[in-house]
Amino acid sequence: MPALRAPDGTQLAYRVLGEGTGAPVVCLPGGPMRDSVYLGDLGGLPAHRRLIVADQRGAGLSATPDDPASYRCDRLVGDVEALREHLGLGRMDLLAHSAAANLAVRYTERYPERVGRLVLVTPGTDAAGLGADGDDRREVARLRSDEPWYPAASAAFEAIDAGAAAAADWVTVAPFLYGRWDEVAQAHRAAEEKQWNEAAAEVFGSEGAFDPGATVAALGALDRPVLVLAGEFDLASPPRVVARLAALFPRAEFVVQPGAGHYPWLDDADRFVSATARFLA
């Protein structure tokens with residue numbers, strides 16, 4: 001894999017997907033701090049645009065930094081800027097999934113002139129001060145009440161929401177993150193355990209990582225096209241919360257992908273790629 005060095009010397013790896021000659025789309029994986037391999041090829045998006053898929057420091061094939069505090073979201077902004085400079089892009093299209101949307105909006109807040117088009121896929125919303133609550137998630141969960149796994153998954157969700165979760169509850173609740181709890185989804189979820197840097201993830205959103213007032217003000221002044229994509233069944237990023245994030249941007253297009261969970265390219269690759277490629281064209 002190609003790599004670069006961050007300003008503090010940490011080696012950062014990235015993958016190049018697709019062979020197009022045009023400007024690439026820089027992709028930031030979520031988790032937070034999860035190996036980017038879980039993104040796959042985003043349902044075939046490289047057939048339309050070349051992708052630069054970053055591994056964040058301490059995750060995937062990127063090196064572990066000397067300073068664990070550098071895992072904090074606001075400090076990761078410097079890694080994104082270093083990647084842009086390394087690629088020689090004056091302005092870049094940026095796609096971020098899940099928790100990485102927090103990093104993308106913090107980057108956009110600091111470097112608005114460096115962002116062309118911005119795609120936020122089933123985004124985390126903490127950086128904008130828009131956390132989801134239990135009722136937001138229950139609204140989504142009830143849409144799955146006819147699924148055979150629903151009773152056990154719903155009980156696990158209630159234990160998690162009450163702060164009384166056992167380790168097994170985090171496994172049992174997983175079907176709520178997928179549009180179909182089939183073999184593909186189950187394999188995707190099973191791989192997660194080895195893809196996550198949990199210690200780094202704890203630092204990502206720690207004190208000082210976010211400044212919602214500053215972020216909201218910056219997004220409100222952003223004169224760039226933005227696609228905000230939610231999944232109809234996504235318990236992690238409920239559509240009505242994601243809609244509030246989209247409303248902060250003057251030029252946002254908000255799309256809810258029917259039948260999709262937190263990983264919409266797995267649930268309906270054609271629909272996901274069609275919406276994303278059209279926006280990026």
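In this predicted model, helix 3 keeps Gly134, Asp136, Val140 and Ala141 buried. These four sit on the same side of helix 3, because they span an arc of only 160° around its axis. What they pack against is helix 4 and helix 9, the latter running over residues 239-246. The start of helix 3 has a polar contact of its own: a side-chain oxygen of Asp133 comes to within 3.1 Å of the backbone nitrogen of Asp135.

Helix 6 can be read in much the same way. Here the buried residues are Ala185, His188 and Arg189. Looking down the axis of helix 6, they fall within an arc of 95°, so they line one face of the helix. Glu183 and Ala190, on the other side of helix 6, are exposed. The cover over the buried residues of helix 6 includes helix 5 and helix 10.

Past helix 6, the chain enters the loop that leads to helix 7, and that loop holds Asn197. Asn197 has a relative accessible area of 19%, so with a cut-off of under 20% it counts as buried. A polar atom of the Asn197 side chain lies 3.0 Å from the backbone nitrogen of Ala200. Once neighbours within four places in sequence are set aside, the contacts of Asn197 are with Met33, Gly58 and Tyr71.

Met33 brings the discussion to the loop between strand 3 and strand 4. A few backbone details turn up in this stretch. Gly31 and Pro32 are joined by a cis peptide bond, with omega at about 0°, and Pro32 is placed in the loop between strand 3 (25-28) and strand 4 (51-54). Met33 has a phi near 65°, which is a positive value in a residue other than glycine. Met33 is also buried, its relative accessible area being 0%. Leu42 lies in the loop between strand 3 and strand 4 too, and its phi, near 55°, is again positive in a residue other than glycine. With a relative accessible area of 2%, Leu42 is buried as well.

Now for the empty space. Rolling a probe the size of a water molecule over the atoms shows where such space is left. The largest pocket has a volume of about 1300 Å³. It is lined by 44 residues, and the closest to its centre are Gly31, Pro32, Trp170, Trp196 and Ala236. Both partners of the cis peptide bond, Gly31 and Pro32, are thus in that central group. Two or more lining residues apiece come from helix 3 (134-141), helix 4 (150-161), helix 5 (167-172) and helix 7 (198-204). Helix 7 gives the largest share, four residues. Sorted by class, the lining of the largest pocket holds 22 nonpolar, twelve polar and ten charged residues.

As for enclosed space, two cavities of 30 Å³ or more are found. The largest cavity holds about 120 Å³ of space. Of the 14 residues in its lining, Leu12, Ala54, Asp55, Gln56 and Asp79 are the closest to the centre. Strand 2 (11-17) and helix 1 (73-87) each give at least two residues to this lining, with helix 1 providing the largest share at four residues. Ten of the lining residues of the largest cavity are nonpolar, one is polar and three are charged.

The second largest cavity holds about 40 Å³. Its lining is made up of Arg180, Asp182, Val184, Ala185, Leu266 and Asp267. Helix 6 (183-191) and helix 10 (264-267) each contribute at least two of these residues. Ala185 therefore appears twice in the picture of helix 6, as one of its buried residues and as part of this lining. By class, the lining of the second largest cavity has three nonpolar and three charged residues, and no polar ones.

Lastly, strand 6 (residues 115-121) contains Gly116. A relative accessible area of 12% makes Gly116 buried. Apart from neighbours within four places in sequence, Gly116 is in contact with Arg91, Met92, Asp93, Arg224 and Pro225. Gly116 and Ala152 are 36 residues apart in sequence, while the C-alpha to C-alpha separation in space is 44 Å.

Conventions
Residues are numbered from 1 along each chain as its sequence is written. This is a predicted model: local features need pLDDT of at least 70, side-chain atom pairs count only at pLDDT 80 or more; totals for chains, interfaces and linings use all residues. Side-chain values use heavy atoms; hydrogens and water are left out. On a 1 Å grid over the protein atoms alone, a cavity is a set of points where a 1.4 Å probe fits but cannot get out, and a pocket is an open set with protein on both sides within 12 Å along at least five of seven lines; lining residues have an atom within 4 Å of a point. Grid points are joined across faces, edges and corners, and a volume is the space filled by probe spheres set on the points. Ala, Val, Leu, Ile, Met, Phe, Trp, Tyr, Cys and Pro count as nonpolar, Asp, Glu, Lys and Arg as charged, and the others, Gly among them, as polar. Buried means under 20% relative accessible area, exposed over 50%, partly exposed in between (1.4 Å probe, protein chains only). The arc is that of the directions from the helix axis to the C-beta atoms. Contact means heavy atoms within 4.5 Å. A polar contact is a pair of N or O atoms within 3.5 Å; within protein, one must be able to donate a hydrogen and the other to accept it, and residues adjacent in sequence count only if both atoms are side-chain atoms.
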